[in-house]
Amino acid sequence: MKLVIAEKNIAAQKIAQLLADGKPKTDKVYNTQVYRFTVSGEDWVSMGLAGHILAPDFPDEILFDKKQGWYSVSDDGEVLPADVPDGLARPPYATKRKPFLANGINIKGWKVESLPYLTWAPIVKKPAEKEIIRVLKNLAKKADHVIIATDFDREGELIGSDALSCVREVAPDVPTSRARYSALIKGEVTAAFDNLVELDQDLADAGESRQYIDLIWGAVLTRYLTLARFGGFGNVRSAGRVQTPTLALVVERERERMAFVPEDYWQIRGMAAAKDAEFKIGHATARFTDKAAAETAFAHVEHATTGTVTSVAKRSRKQQPPTPFNTTSLQAAAAAEGISPARTMRIAESLYMSGFISYPRVDNTVYPRTLDLAGIVDGLASNSPALRPVCKKVLAGPMKPTRGKTETTDHPPIHPTGQGDPETLDGGQKKLYMLIARRFLATLMGPATIENTKLAIDVAGEPFTASGDVLVDAGFREAYPYGLKRDEQLPALAEGDTVDVRDIALEAKQTEPPARYSQGRLVQEMEKRGLGTKSTRASIIERLYTVKYLKNDPIEPSQLGMAIIDALHEFAPRITTPEMTAELDEDMTHVAEGQDTQDHVVEHSRALLAGLLDTLIEHKDDLGDAIADAVTADARVGACPKCGKDLVMKTSAKTRGSFIGCMGWPDCDVTYPVPSGVKVSPLEGEAAVCPECGAPRIKCQPFRQKAYEMCVNPKCPTNFEPDIVVGECRACAEAGRHGELVAHKSEKSGKRFIRCTNYDECGTSYPLPARGKLSATGEVCEHCGAPIVVVETARGPWRICVNMDCPGKEKKAAGGARGRGRGGAKKASGAKKTTAKRSAKK
DNA sequence: GCAAGGTC
């Protein structure tokens, strides 16, 4: 039996289909799919790995140990031997002593000092995909020939080499070879299997050098940053060859913004009206840099009421259809629609696995000739009623696909398969699927034509202009409306026509600093600078958010992120720039071409890092202080009204809940609750202090809603709301008592709720929305008898039944997607239960 | 509790 090992399941399946006499049979070994087939009567089996099946790591003896912490040594107290290059002494940091750990945490002194040892520590390869390895060994034992058919690139060669080392453990003598194909199509694959070669160990070694160097630098610098000032468990300060230069890009942009000196300019703008239509007009000098000139011009037009059209110019321009999606362009387009690159990849993976779209990790932007474009459009038309009309147009047209700049042959650009019913997808999946499907259709359509009209208007001797864009021929825009500007229609006017003019104003403006990166832009910038790969960029950005180096979108660095870059820029500059990646690529090329060896390249890199450590260790405390200060600055919400020290977001050790507390604790005991469900940030200047009580005022940003400002002190008069009687208590009436339902606001937590005046006896209480002005209606709900109240939000007044378990809400929940998981399926069973359930959730 | 690279 011949065993074919591919990098992933889809490749194993495709190879089987392309090589088999007839159709391959799907089989399972343990729980993994394999494909059995015959080639000229001979038995073959193909299996897919899951990328790398081994992961490099330090030996167990020197790894993290639950009892000992990060820096343990071997049992006999001896530091493990490492291959230290000639001329370099063996690390003198070996200790015979077992580390002493008080309460599991001892970060003082020797821990950072022991990092040079980690620099020279040996690296071993540990199984990362145990199931896959088990299947691989099972099949290898029965095989009389093993063919490595992983992707034709450096990582593919390494994955194949790792697979071979697993094979060798159970079948030391089985003949092995390598099939090299660069596209999963008949000609390529059959040619590769007709011309089998040997695995290129130099190329695999190059890949392994990359792994080792990434691990050593990442582990040493991450541990250094984390331990310089230990911020408690869960507060890792990471660093790495790709993430650190990426963070540096964001920090650099922020610094440019801070250094930016805005320039004043002035604009004269107003409104014009003619033929029952209104439109914007502006002075022909779009930006006056001279204030006096602007004021002179404005004085002429300030009281003008009419203007005269002096010219009408129409120009039409074409907008070309977009190119096919690869990973980066999909991530950028999805980011513009509010889906982060990391989430895009998670959703794309699920769409790919369920057969809706093609393989999502590609660089290619040119459809291969073998792709059945019309067949896909047909499939979309029959599965998606919303796309059917535009699909028909595409099928009727010439269907000439656009081409992007990058052409590779490994996978086609990301496209819908045309299979599957989009109605079965959830919200995020459907949104991304429609983006991919619409993009695909757009790449097969003609350009859009936009007609631009420019009016020149004389207002009291001053030249004004107006401009309008109208989409006259939708072209590809019929399928792909993303990022399309709304039409700005001007009335049909001719030279000499008179227009009414009003609201002409002189506006003082300032030039804007360079914009922050959006997540989509950052992915593109990383690609441009050679940072990361199509498969890793999204997760690296996400990582920078989880370690709290980045915040918000558009992306801002935190104070911590800036402190990290400053520190590394000073003491380990190599890791902060894309050059390390460039140099690593160069080293790897040398290893791959046999001009250098893996050991030499890795040892050279170890020596570079070791050379930095002396200074790093020397400045450990400076860096620790800088990090601590930055973390405090990030957590700051304002100044303490009692002692003037910083009020910061803190986490209670007991309850793990967060609160706002004074840095002066224990001398100062000022604390406030954190408003729930919102992101809190400090305000600046005068707005930062409450005029009523002196506590800080803060900015609260609810998810996808308008931000608001409030005083953090729930007892402050600005937060005071009188109790309102909202109705009579039904439970009490039924029990023959009298009880009134009253809306309160808790002084402690700031939460609002309704409670019966006889609460001790009847237990009735209802939660209330956190925001919005509340008023009673005196009405009761037709479904459950609970009171109806009105809450005024930014979107207008909103009538609600206060009972979360109201059967009336159940009907709505069944009809729409909203309101799921909130007492939906459960029958209304009394108000007391509602409160109990809600508090149990916390 | 660490990186980046594959992929699930």
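**Notes on chain A: cores and a helix crossing**

1. Buried residues account for 46% of the 842 residues in chain A. Please keep in mind that this is a predicted model. The accessible surface of the chain is about 43000 Å², and carbon and sulfur atoms supply 50% of that area.

2. For an overview of the fold, chain A has 24 helices and 30 strands. If you take the contacts between residues at least 6 apart in sequence, 66% of them join residues at least 24 apart.

3. Now to the interior. The largest nonpolar core has 63 residues, and the members that touch the most others are Trp-217, Leu-225, Leu-247, Tyr-549 and Ile-564. Helix H7, residues 201-228, is the top contributor to this core, giving 13 residues. There is also a second, separate core of 43 residues, with Leu-330, Ile-339, Val-394 and Ile-414 among its members.

4. Leu-225 is a good residue to click on in the viewer. Setting aside residues up to four places away in sequence, Leu-225 touches Arg-237, Ser-238 and Ala-239, and also Tyr-549, Ile-564, Leu-568, Leu-623 and Ile-627. Two of these partners, Tyr-549 and Ile-564, are themselves listed with Leu-225 among the core members that touch the most others.

5. Leu-247 deserves a look too. This residue lies in helix H8, and its relative accessibility is 1%, so it counts as buried, the cut-off being under 20%. Beyond its neighbours within four places in sequence, Leu-247 is in contact with Leu-544, Tyr-549, Leu-550, Gly-561, Ile-564 and Ile-565. As an example of reach along the chain, Leu-247 and Pro-557 are 310 residues apart in sequence, yet their C-alpha atoms are 7.7 Å apart in space.

6. How do helices H8 and H16 pack? The angle between H8 (residues 243-259) and H16 (residues 537-546) is about 70 degrees, and their axes are 10 Å apart. The two helices are therefore roughly perpendicular to each other, because the range for that label runs from 65 to 115 degrees.

7. Which residues make this crossing? On the H8 side they are Gln-243, Thr-246 and Leu-247, and these meet Ile-540, Arg-543 and Leu-544 of H16. By type, the residues of the contact are three nonpolar, two polar and one charged. Leu-247 thus appears in the helix contact as well as in the largest nonpolar core, which makes it a handy place to start browsing.

Methods: Residues are numbered from 1 along each chain as its sequence is written. Chains are lettered from A and ligands numbered from 1 in the order in which they are written. This is a predicted model: local features need pLDDT of at least 70, side-chain atom pairs count only at pLDDT 80 or more; totals for chains, interfaces and linings use all residues. Side-chain values use heavy atoms; hydrogens and water are left out. A nonpolar core is a set of buried Ala, Val, Leu, Ile, Met, Phe, Trp, Tyr and Cys residues joined through side-chain atoms within 4.5 Å. Buried means under 20% relative accessible area, exposed over 50%, partly exposed in between (1.4 Å probe, protein chains only). Helices (H or I, at least four residues) and strands (E, at least two) are DSSP runs, numbered from the N terminus. Contact means heavy atoms within 4.5 Å. Accessible areas come from the Shrake-Rupley method with a 1.4 Å probe; for residues, only the protein chains shown count as cover. Axes are lines fitted to C-alpha atoms, for helices over the stretch in contact, and angles run from 0 to 180 degrees between N-to-C directions. Angles under 35 degrees count as roughly parallel, over 145 as roughly antiparallel, 65 to 115 as roughly perpendicular and the rest as oblique. Ala, Val, Leu, Ile, Met, Phe, Trp, Tyr, Cys and Pro count as nonpolar, Asp, Glu, Lys and Arg as charged, and the others, Gly among them, as polar.
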